[in-house]
Every structure is written in structure tokens, then in C-alpha cells.
Amino acid sequence: MEIQLEQTQANDIIKNNPTVLLDFYADWCGPCQTLLPTIHKLADELKDDVTIKKVNVDNNQELAAKFGIRNIPTLVFFKEGKAVDKHTGLITERNLRSKIDRLK
């Protein structure tokens, strides 16, 4: 399942899905790479409950700026088209699942 998001798709994804998680990352970022397997696992497992997409900040600088991304990895949680939570830095799978559960 492809979870890479391009800037032009962001508004449609956020608007047309009830719950969305955007993972802002960069290929050169060590903590981002550490989080990557968890993001892929949850994107596959929870695809019926939440839309999870990765946003490369180097390729999507305008989108990162729009959401005030200053550090990576940063996870932005959306419910009904509005950003409702943000987490910067590494997060355990358990804590991430907990945050996703609160979105539903």
C-alpha cells in the first residue's frame, strides 16, 4: 500500500477522510527512519479506521510550513478536516495507537 503523500493531494485526503494521520519526515532523519516501520504497520492494520500518509518535508516544504512543522518526525492528527493533535519526536507503537484510538 502506497502511503507517500504529495502536496497536491493533501487537501483532498484531509477533507475526504474522517480521520487522518500525516507523518512529516525526511529520508536523512534517523528518528524518522526508526518510526517508519511502525507507521507502515499501522497504516496497513488500521486502513479501515484511519488514513495514514507520509509527507517528505524536503519535497513538500509548503505543506510542512502550512502545518507549522519545525522538527521531524512530526505527526499531525486530523478529525473531520481539522488538525486536533500534534506529536513531535519518536513515539512508541502503543502510545501512537492510543492517540489514533482517541481520534475515532
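## A 104-residue chain and its phenylalanine cluster

With 104 residues, a compact globule would have a radius of gyration near 13 Å, and the protein chain agrees at 12 Å; that radius is taken over C-alpha atoms, and the globule rule is 2.2 Å times the number of residues to the power 0.38. Keep in mind that this is a predicted model, where local features need pLDDT of at least 70 and side-chain atom pairs count only at pLDDT 80 or more, while totals for chains, interfaces and linings use all residues. Residues are numbered from 1 along each chain as its sequence is written, and side-chain values use heavy atoms, with hydrogens and water left out.

The C-alpha atoms fill a box of roughly 30 × 25 × 25 Å along the principal axes. Four helices and four strands make up the chain's list of elements, in the order α-β-α-β-α-β-β-α along the sequence. Both kinds are DSSP runs numbered from the N terminus: helices are H or I with at least four residues, strands are E with at least two.

Buried residues account for 47% of the 104, where buried means under 20% relative accessible area, exposed over 50%, and partly exposed in between (1.4 Å probe, protein chains only). Take contacts (heavy atoms within 4.5 Å) between residues at least 6 apart in sequence: 68% of them join residues at least 24 apart. The chain exposes about 5,800 Å², with carbon and sulfur atoms supplying 46% of it; the areas come from the Shrake-Rupley method with a 1.4 Å probe, and for residues only the protein chains shown count as cover.

Now for the rings. Rings of Phe, Tyr and Trp (its six-membered ring) pair if their centres lie within 6.5 Å; planes under 30 degrees apart count as stacked, over 60 as edge-to-face and the rest as tilted. By this rule there are two aromatic pairs:

| Pair | Centre to centre | Angle between planes | Kind |
|---|---|---|---|
| F24 and F67 | 6.1 Å | 55 degrees | tilted |
| F67 and F78 | 5.3 Å | 75 degrees | edge-to-face |

The F24 and F67 pair links distant parts of the chain, 43 residues apart: F24 is in strand 1 (residues 19-25), F67 in the loop between helix 3 (61-66) and strand 3 (74-79). F78 belongs to strand 3, so its pair with F67 ties together parts that are eleven residues apart in sequence. Ring pairs link F24, F67 and F78 into a cluster. F24 and F67 are both buried, and F78 is buried too.

The loop that holds F67 also holds P73, and the peptide bond from I72 to P73 is cis, with omega near 0 degrees. Further on, E80 sits in the loop between strand 3 and strand 4 (82-88). E80 has a positive phi of about 50 degrees although it is not a glycine. As background, most residues other than glycine have a negative phi, and most peptide bonds are trans. E80 is exposed, with a relative accessible area of 56%.

Compare N56 in strand 2 (residues 51-56), which counts as buried at 4% relative accessibility. Beyond its neighbours within four places in sequence, N56 is in contact with Q4, Y25 and D27. D12, in helix 1 (residues 10-16), counts as partly exposed at 44% relative accessibility. The C-alpha atoms of D12 and S98 are separated by 25 Å, with their positions 86 residues apart along the chain.
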